[in-house]
Amino acid sequence: MREKRKPAEERTLKTLERVLSKAGLASRTIARGWIGAGRVAVNRRTVRDPDHWVDPHRDRITLDGKALRSAAKTYILLYKPKGYLTTRKDPEGRPTVYDLTSGAGMWLSPVGRLDLDTSGLLLMTNDTDFAERIANPQHKAPKTYQLKAATLLSDEQIAQLRRGIELTDGPTRPAEVNRLRDRGKHTFLEMTITEGRNRQVRRMIDAVGSKVLKLVRVAIGPIRIGDLQIGKWRHLTNAELRVLMGPRDNAP
């Protein structure tokens, strides 16, 4: 008996650029470039529209004449130095995290961002589902930073950080804040936040009347940089992936 075909409305349709991105082969921007250059075909017909709808389970998609295959899922932890951009290319020619991870041998995308003046732990992957989960504010993945403040902070200023700060885009969630030490005219803190607002730690310190002179992200959840050298990277372990993905997800 011949298998009944699903009605068209039940087919799993995705844009062509999303299928390439979900396969872990490239970012959406790069995928659009490949498609526009005529490198991608659907059912033996070249398609140059990245928004063309396809069914990845039924349609035969090829890249440079070869059947589309998902890349092996890869997850790395990079110790990003200060002065490196979390982007692929910079019009001004400044160094990027891709200059440090070329040895990974495949396309990887940063999970979230660290600004130019911030160093520390940056996750990179070609697993878009993993990246979306970790970066999603609803996931509330705690991110821990160590910082050097421009002034000595009082107990009351630290208490304000712990309670949450009113910023221009609304109040922050309470932060976990530990005074590491006071040295000279500066306070050194460790702060853990569960949000991903732009430059949030810097803005919180500004709001209590000081400035951040140095900022390093040392952990995401229980995953810490440890003794990894600055500018170097390593693969995440399966145990680390299981912790990051949570009990309802199956880590590779």
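**Exercise 1. The largest pocket**

Task: State how much space lies in the largest pocket, then describe its lining.

Solution.
Step 1. The largest pocket holds about 560 Å³ of space. The model is a predicted one.
Step 2. Its lining is made of 33 residues. Closest to the centre are Arg113, Tyr145, Gly196, Arg197 and Arg217.
Step 3. Next, assign the lining to elements. Helix H3 (128–135), strand S10 (143–149), helix H5 (200–207) and strand S15 (212–220) are the elements that give two or more residues.
Step 4. Sort the lining by chemistry. There are 14 nonpolar, 9 polar and 10 charged residues.

**Exercise 2. The second largest pocket**

Task: Give the volume of the second largest pocket. Then find which element supplies the largest share of its lining.

Solution.
Step 1. The volume is about 460 Å³.
Step 2. The lining of this pocket counts 24 residues. Nearest its centre lie Ser27, Arg28, Trp107, Ser109 and Pro110.
Step 3. Two or more lining residues come from each of helix H1 (16–22), helix H2 (28–36), strand S8 (109–110) and H3.
Step 4. H3 supplies the largest share, with 4 residues.
Step 5. By chemistry, the lining of the second largest pocket splits into 7 nonpolar, 10 polar and 7 charged residues.

**Exercise 3. Two salt bridges at Arg32**

Task: Which residues form salt bridges with Arg32? Work out which parts of the chain each pair links.

Solution.
Step 1. Recall the principle. Side chains of opposite charge can pair when their charged atoms come close.
Step 2. Take Glu17. Its salt bridge with Arg32 has the closest N and O atoms 2.9 Å apart. Glu17 sits in helix H1 and Arg32 in helix H2, so this pair ties together parts 15 residues apart in sequence.
Step 3. Take Asp51. Its side chain meets that of Arg32 in a salt bridge at 3.4 Å, N to O. Asp51 lies in the loop between strand S3 (45–46) and strand S4 (53–54), and Arg32 in helix H2. This pair links distant parts of the chain, 19 residues apart.
Step 4. Check both distances against the cut-off: a side-chain nitrogen of Lys or Arg within 4 Å of a carboxyl oxygen of Asp or Glu. The values of 2.9 Å and 3.4 Å meet it.
Step 5. Add accessibility. Buried means under 20% relative accessible area, and exposed means over 50%. Glu17, at 7%, is buried. Arg32, at 35%, is partly exposed. Asp51, at 37%, is partly exposed.

**Exercise 4. Helix H4 and a salt bridge**

Task: Which residues of helix H4 are buried, and what do they pack against? Then examine the salt bridge between Arg163 and Glu156.

Solution.
Step 1. H4 spans residues 155–163. Within H4, Gln157, Ile158, Ala159 and Leu161 are buried.
Step 2. Apply helix geometry. An α-helix has 3.6 residues a turn, so residues three or four places apart point the same way.
Step 3. Find the packing partners. The buried residues of H4 pack against strand S13 (176–183), strand S14 (186–193) and H5.
Step 4. Turn to the charged pair. The side chains of Arg163 and Glu156 meet in a salt bridge, 2.9 Å from N to O. Arg163 is exposed at 54%, whereas Glu156 is partly exposed at 44%.
Step 5. Look past the end of the helix. Gly164, just after H4, takes a positive phi of about 110°.

**Exercise 5. Gln200 in its surroundings**

Task: Is Gln200 buried or exposed, and which residues is Gln200 in contact with beyond its neighbours within four places in sequence?

Solution.
Step 1. Gln200 belongs to helix H5.
Step 2. Gln200 is buried, with 3% relative accessibility.
Step 3. Leaving aside neighbours within four places in sequence, Gln200 is in contact with Thr172, Ile193 and Glu195.

**Exercise 6. The whole chain**

Task: Describe the protein chain by its elements, burial and contacts.

Solution.
Step 1. Count the elements: 6 helices and 17 strands.
Step 2. Box the C-alpha atoms along the principal axes. The result is roughly 75 × 40 × 35 Å.
Step 3. Take burial. Of 252 residues, 44% count as buried.
Step 4. Take the surface. The chain exposes about 14300 Å², and carbon and sulfur atoms supply 48% of that area.
Step 5. Take contacts with a separation of 6 or more. Residues 24 or more positions apart account for 63% of them.
Step 6. Total the salt bridges. The whole structure has 17.

Conventions
Residues are numbered from 1 along each chain as its sequence is written. This is a predicted model: local features need pLDDT of at least 70, side-chain atom pairs count only at pLDDT 80 or more; totals for chains, interfaces and linings use all residues. Side-chain values use heavy atoms; hydrogens and water are left out. On a 1 Å grid over the protein atoms alone, a cavity is a set of points where a 1.4 Å probe fits but cannot get out, and a pocket is an open set with protein on both sides within 12 Å along at least five of seven lines; lining residues have an atom within 4 Å of a point. Grid points are joined across faces, edges and corners, and a volume is the space filled by probe spheres set on the points. Ala, Val, Leu, Ile, Met, Phe, Trp, Tyr, Cys and Pro count as nonpolar, Asp, Glu, Lys and Arg as charged, and the others, Gly among them, as polar. Buried means under 20% relative accessible area, exposed over 50%, partly exposed in between (1.4 Å probe, protein chains only). Contact means heavy atoms within 4.5 Å. Accessible areas come from the Shrake-Rupley method with a 1.4 Å probe; for residues, only the protein chains shown count as cover.
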